[in-house]
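I opened the notebook to record what I looked up in this model. The entries follow the order in which I went through it.

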Amino acid sequence: MAFELMPLPYDSEALDPAISARTLGFHHGKHHKAYIDKTNAAVEGTDLAGKSLTDVIAAARGSNQGLFNNAAQSWNHGFYWNSLAPSGGSPSGHLASKIDSAFGSLDELKKKLAERGAGHFASGWVWLAEKGGQLSLEETHDGDTLADSGFNPLLTIDVWEHAYYLDYQNVRPDYLKALLDGHLNWDFAAENLERGSAWNYPG
Ligand code: MN
């Protein structure tokens with residue numbers, strides 16, 4: 001069965017003004033859709049047809065860069081839509097105590113995430129992730145992903161220019177600040193932490 005473009009988990013206006021409906025429309029309807037379509041075209045009629053997206057990513061890693069890029073970007077964007085929320089709330093319970101022990105405080109985590117996101121050279125992703133019970137910040141370049149990495153990703157932020165250029169032009173730190181100030185989906189992070197293994201793309 002072919003992979004589907006998962007619907008946004010909120011209205012396209014729901015993150016405005018942090019992310020405008022125009023940006024979300026292009027990012028989801030054009031960019032994410034293209035990654036899904038290209039992944040489907042590449043796996044159709046091969047041994048990978050019918051496998052999960054994570055299995056496709058793992059199979060293509062290191063052997064088929066074109067498929068890897070599109071499959072990983074398909075997964076990353078699904079994870080990113082879920083990592084954002086109209087009103088992000090704040091971490092509680094187990095997740096909050098993990099954050100305090102790894103970073104000292106939520107504010108310190110946000111500060112470091114802003115630094116890593118702003119400092120990331122060119123296109124990529126910044127992640128809050130867990131491995132062996134320890135939380136850490138990770139970065140991946142271009143389309144690379146933590147989906148099959150041994151890390152359990154909790155949240156991600158897309159730092160490709162297409163994620164923010166229409167709203168912020170080249171000022172990536174302002175995009176990061178807007179997300180960190182109120183649009184990270186801490187409930188999703190907590191679900192990922194409690195599951196203990198990497199999220200699966202639906203379908
Ligand atoms: Mn993107």
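**Entry 1: H1 and H3**

At what angle do H1 and H3 pack, and how far apart are their axes? The model is a predicted one, and I read every value below with that in mind. I found an angle of about 140° between H1 and H3, with the axes 8 Å apart. An angle over 145 would count as roughly antiparallel. H1 is therefore oblique to H3. I then looked up the handedness, and H1 passes H3 in a left-handed crossing.

I listed the residues that meet. On the H1 side they include Leu24, His27, His28, His32, Tyr35 and Ile36. On the H3 side they include Leu67, Asn70, Ser74, His77, Tyr80 and Trp81. By class, I have 10 nonpolar, nine polar and one charged residue in the contact of H1 with H3.

**Entry 2: the manganese ion**

Which residues coordinate the manganese ion? I noted His27, His77 and His162, each through NE2, and Asp158 through OD, at 1.9 to 2.1 Å. Along the chain, the donors of the manganese ion have the spacing H-x49-H-x80-D-x3-H. One pair links distant parts of the chain: His77 sits in helix H3 (residues 65-83) and Asp158 in strand S3 (residues 152-158), 81 residues apart. I checked the accessibility of this pair, and both His77 and Asp158 are buried.

**Entry 3: His27**

I went back to His27, which is in helix H1 (residues 21-43). Is His27 buried or exposed? Its relative accessibility is 2%, so His27 counts as buried; the cut-off for buried is under 20%. Leaving out residues up to four places away in sequence, I found that His27 touches His32, His77, Tyr80, Trp81, Asp158, His162 and Ala163. Among these, His77, Asp158 and His162 are also on the list of donors to the manganese ion. His32, His77, Tyr80 and Trp81 appear in the contact of H1 with H3 as well. I also took one distance from His27: Val126 is 99 residues away in sequence and 17 Å away in space, C-alpha to C-alpha.

**Entry 4: H5 and H7**

How do helix H5 (residues 106-119) and helix H7 (residues 172-180) cross? I found that their axes come within 9 Å and cross at roughly 150°. With the cut-off at over 145, H5 and H7 are therefore roughly antiparallel to each other. The crossing of H5 past H7 is right-handed. From H5 the contact uses Lys110, Leu113, Ala114, Gly117 and Ala118, and from H7 it uses Arg172, Pro173, Leu176 and Leu180. I sorted the contact of H5 with H7 by class and have six nonpolar, one polar and two charged residues.

**Entry 5: H4 and H8**

I looked next at helix H4 (residues 93-103) and helix H8 (residues 186-195), which pack at an angle of about 90° with their axes 9 Å apart. This makes H4 roughly perpendicular to H8. Which residues meet in this contact? In H4 I listed His94, Leu95, Lys98 and Ile99; in H8 I listed Trp186, Ala189, Ala190, Leu193 and Glu194. The contact of H4 with H8 has six nonpolar, one polar and two charged residues.

I took Ala190 of helix H8 for a closer look. Ala190 has a relative accessible area of 22%, so it is partly exposed. Ala190 and His94 are 96 residues apart in sequence, and their C-alpha atoms are 7.8 Å apart in space.

**Entry 6: backbone details**

Where is there a cis peptide bond? I found one joining Asp16 and Pro17, with omega about 5°. Pro17 is in the segment before H1.

I also noted positive phi values in residues that are not glycine. Asp142 has phi near 55° and is found in the loop between strand S2 (134-141) and S3. At 45% relative accessibility, Asp142 counts as partly exposed. Gln169 has a positive phi of about 50° and lies in the loop between helix H6 (165-168) and H7. Gln169 has 41% relative accessibility, so I entered it as partly exposed.

Methods
Residues numbered from 1 in each chain as written. Predicted model: local features only at pLDDT ≥ 70, side-chain atom pairs only at ≥ 80, totals over all residues. Heavy atoms only, no water. Axes fitted to C-alpha atoms, helices over the stretch in contact; angles between N-to-C directions. Helix = DSSP H or I, 4+ residues; strand = E, 2+ residues; numbered from the N terminus. Parallel < 35°, antiparallel > 145°, perpendicular 65-115°, else oblique. Left-handed = near helix turned anticlockwise from the far one by under 90°. Contact = heavy atoms within 4.5 Å. Nonpolar A, V, L, I, M, F, W, Y, C, P; charged D, E, K, R; others polar. Donors = N, O, S within 2.8 Å, 3.2 Å for Na, K, Ca; no water. Buried < 20%, exposed > 50% of the residue type's maximum accessible area, 1.4 Å probe, protein only.
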